[in-house]
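These are my notebook entries on a single protein chain. I looked up the overall fold, then the sheet, then the parts packed around it.

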Amino acid sequence: MFYISICPICGMDLTGAKCGGCGYDLSTKNEGSIEIGPKATNEKIKNNEDFILLDVRHPNENELTKIENSVLIPLNELPNRLNELDKKKQIICYCRTGNRSLHSARFLRQKGFTDAKNLKGGIHLWHDEVDSSKVKY
Ligand SMILES: [Zn+2]
C-alpha cells in the first residue's frame, strides 16, 4: 500500500508505486548510506571537495536563505534538468527539513546518479549545527 497519492518529485497523481510521469519508484528504500549530516557536509566544503550541493526547494525559499555555492533545481523541475548534473560527481541534495531532498536523492540514484545523498535535517539542522545565520523558516 502506498499512502502518498501525488508524486513527491513531479506532482503527478500516482496510481501505483511507480510514477507514470517522471518514473520515480516509491517502493525503493534507502540504499546504503544515502544520508549525510550537516557537519560532515561542511567538512567537505572546507576541504574543497568536488561535489554538487543541490537545493531542490522552491526559488522563493532559495531567495530567503541558502547554503553558499549550491545549485538550485526545484524538485518538480528535476526530471527535465538531469542533463545539468554530472553523474560522476557526488550530489548532496538539501531542502528545508530533509524530506523533499530525500526523495530527490532516491530519484537521482534511480536515474544513475549513484552517489546522490540527502543532507540530513535540511537547512534546519544546518542552522543548528553549522551556521545559525541561516533563516530558520
Ligand atoms: Zn513523478
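Entry 1, the fold. I counted helices (H or I, at least four residues) and strands (E, at least two) as DSSP runs, numbered from the N terminus. On that basis I find four helices and five strands in the protein chain. I note that this is a predicted model. Reading along the sequence, I obtain the pattern β-α-β-α-β-β-α-β-α. I then looked up the radius of gyration: it is 14 Å, close to the 14 Å that the globule rule gives for 137 residues, so the chain is as compact as a globular protein of that length. The C-alpha trace spans about 40 × 30 × 25 Å along its principal axes.

I also checked burial and contacts for the whole chain. Buried residues make up 30% of the 137 residues. Of the contacts with a separation of 6 or more, 57% are between residues 24 or more positions apart.

Entry 2, the sheet. In which order do the five strands lie in the sheet? I read the order 1-5-4-2-3, in an open sheet with parallel pairing. Strand 1 (35-36) and strand 3 (71-72) stand at the edges with a single partner strand each, so one side of each is left without a neighbour in the sheet.

I followed the pairing from strand 3 inwards. Two bridges join strand 3 to strand 2 in the parallel sense, and here Leu 54 stands opposite Val 71. Strand 2 (residues 51-55) is joined in turn to strand 4 by five bridges, and these two strands run parallel. In that pairing I find Ile 52 with Ile 91 as its bridge partner, and Leu 54 opposite Cys 93. Strand 4 and strand 5 (residues 116-119) are also parallel, over three bridges. Ile 92 has Lys 117 as its partner in strand 5, while Cys 93 has Asn 118.

Entry 3, strand 4. Why is strand 4 described as largely enclosed by the rest of the structure? I counted a residue as buried if 20 or more other C-beta atoms lie within 10 Å of its own. Four of the five residues of strand 4 (residues 90-94) are buried, so the strand is largely enclosed.

I looked up the contacts of Cys 93, leaving aside its neighbours within four places in sequence. Among them are Leu 54 and Val 56, Ser 101, Ser 104 and Ala 105, and also Ala 116, Lys 117, Asn 118 and Leu 119.

Entry 4, helix 3. Strand 4, helix 3 (residues 100-110) and strand 5 make a right-handed β-α-β unit. Helix 3 lies across strand 4 and strand 5, and I read an angle of about 175 degrees between helix 3 and strand 5. How many of the eleven residues of helix 3 are buried? Nine are, and I record the helix as mostly covered. The buried residues include Arg 100, His 103 and Arg 106, as well as Leu 102, Phe 107 and Leu 108. Strand 4, strand 5 and helix 4 are included in what covers them. Just after helix 3, I noted Gly 112 with a positive phi of about 100 degrees.

Entry 5, the nonpolar core. The largest nonpolar core has 26 residues, and those with the most contacts inside it are Ile 9, Val 56, Ile 91, Ile 92, Cys 93 and Tyr 94. Strand 4, helix 3, strand 5 and helix 4 (122-129) each supply at least two residues of this core.

Entry 6, Asp 13. I turned last to the segment before strand 1, where Asp 13 is found. Is Asp 13 buried or exposed? I find Asp 13 exposed, with 10 other C-beta atoms within 10 Å. Not counting residues up to four places away in sequence, Asp 13 touches Ser 5 and Ile 6. I also looked up its distance to Arg 100: the two are 87 residues apart in sequence and 17 Å apart in space, C-alpha to C-alpha.

Key
Residues numbered from 1 in each chain as written. Predicted model: local features only at pLDDT ≥ 70, side-chain atom pairs only at ≥ 80, totals over all residues. Buried ≥ 20, exposed ≤ 12 C-beta atoms within 10 Å, placed from the backbone. Pairing = 2+ DSSP bridges. Right-handed = clockwise from strand over helix to strand, strands pointing away. Rg over C-alpha atoms; globule rule 2.2 N^0.38 Å. Contact = placed C-beta atoms within 7 Å. Axes fitted to C-alpha atoms, helices over the stretch in contact; angles between N-to-C directions. Core = buried A, V, L, I, M, F, W, Y, C linked by C-beta atoms within 7 Å.
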